[in-house]
Amino acid sequence: MTLVEIGIPAVRARRPSLDGRPDTPYLLDRFGRVARDLRVSITEKCSLRCTYCMPEEGLPEIPRHELLTPDEIVRLVALAVRELGVREVRFTGGEPLMRRDLEQIIAGCHQRVPEIPLAMTTNGVGLEHRAHALAAAGLHRVNVSLDTVDRAGFAKLTRRDRLDSTLAGIRAARAAGLAPVKVNAVLMRETLSGAPDLLRWCLDAGCELRFIEEMPLDADHEWARANMVTAAELLDVLGAHFDLTATDRGDPSAPAEKWLVDGGPAAVGIIATVTRKFCDTCDRTRLTADGMLRSCLFSDEEFDLRQPLRSGAGDDELATIWRGAMWNKWAGHGIDAEDFVPPERTMGAIGG
Ligand code: SAM
Ligand code: SF4
């Protein structure tokens, strides 16, 4: 199987150009944005097969020797924080809980950069058994993906009958103090009518729910602009059951717009990546499980950190590659453009 077949771009630029870049340690790009939020994907494996993300058979395995080790991840996270101004780190995948050494990765990062909040995006399957150990290792908070509380609907969308495990994972995360526990739900036509039930469940469980517009990053390439559920449609559905009041989103780089539910204080968020794109305030930088830097979810341009890392590059050299990768970040995705082409790497191989 070739790299292209597993959704990994075949062409990787060697060293990014630093032409015109001012002398600053931070991850600045040509449009004046500074990346402070690092997403680290640590595996392509997953316990679910969400239709908007993974193919039914799962993503083909990344050869083990290409996966970053815990020590390598810790070194790169520490470099990002100490040298490049990263202020928040989130582990994602695939499903991060599929890595048995997750606690070791978290503990290593927490030891090196104790001042930085460490977060994880997870489907919650099996979290019930690891939430306490992860909190003890230094994990601060989790976002759990849950699209519906209807068992049959969950099984259909994720192709696995694991709703109970995800719900138990959410409860365990709260009990372990991984707060706030946020719930992420991708807006899909099949689950739209269940959105009010999901919101009610989250309100009862004390979790903040955020809906996310579906992006063209599914491995099956089924996404269609004409068929996707928009934030506006969701507001109509929720508005029939709850009194929603728009609020100020506060931090301008926070992607979720928020509505108070029935006068508050509880709120529901919507991340309208497609219909209200927020690329001009994007502050993300991404590292893939096989050690490639990505400046944008939608770009096929990747810069290899693993090879120099394993050939003895010093921190200065790695930091220069990282700065260059972000300096060359483009203005934003063109999902609405007629000639839009989805990236080769799909969501499960990038991390949300
Ligand atoms: N397995 C973990 C999980 O599901 O939370 C982490 C990885 S998953 C790729 C990260 C986030 O991306 C999840 O919240 C998931 O719902 C979201 N996601 C996956 N495919 C998506 C798509 N096509 N559009 C929008 N969000 C998507
Ligand atoms: Fe797995 Fe997360 Fe993708 Fe669902 S969204 S298939 S849980 S990686």
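**Exercise 1.** Which atom of ligand 1 does a polar side-chain atom of Glu95 approach, and at what distance?

*Solution.* This is a predicted model, in which local features need pLDDT of at least 70, side-chain atom pairs count only at pLDDT 80 or more, and totals for chains, interfaces and linings use all residues. Residues are numbered from 1 along each chain as its sequence is written, chains are lettered from A and ligands numbered from 1 in the order in which they are written, and side-chain values use heavy atoms, without hydrogens and water.

Step 1. The partner of Glu95 is a nitrogen atom of ligand 1, at 3.1 Å. A pair of N or O atoms within 3.5 Å is a polar contact.

Step 2. A backbone N or O atom of Met215 lies 2.8 Å from a nitrogen atom of ligand 1.

Step 3. A polar backbone atom of Thr122 is 3.2 Å from an oxygen atom of the ligand.

**Exercise 2.** Describe the shell around ligand 1.

*Solution.* Step 1. There are 17 residues around ligand 1, each with a heavy atom within 4 Å of it. Tyr52, Gly94, Glu95, Ser145 and Met215 come nearest.

Step 2. The shell divides into five nonpolar, nine polar and three charged residues; Asp, Glu, Lys and Arg count as charged, Ala, Val, Leu, Ile, Met, Phe, Trp, Tyr, Cys and Pro as nonpolar, and the others, Gly among them, as polar.

Step 3. Strands (DSSP E runs of at least two residues) contribute as well: β5 (118-122) and β7 (182-187) each supply at least two residues of the shell.

Terms used:
Polar contact = N/O pair within 3.5 Å; in protein donor to acceptor, adjacent residues only side chain to side chain. Helix = DSSP H or I, 4+ residues; strand = E, 2+ residues; numbered from the N terminus.
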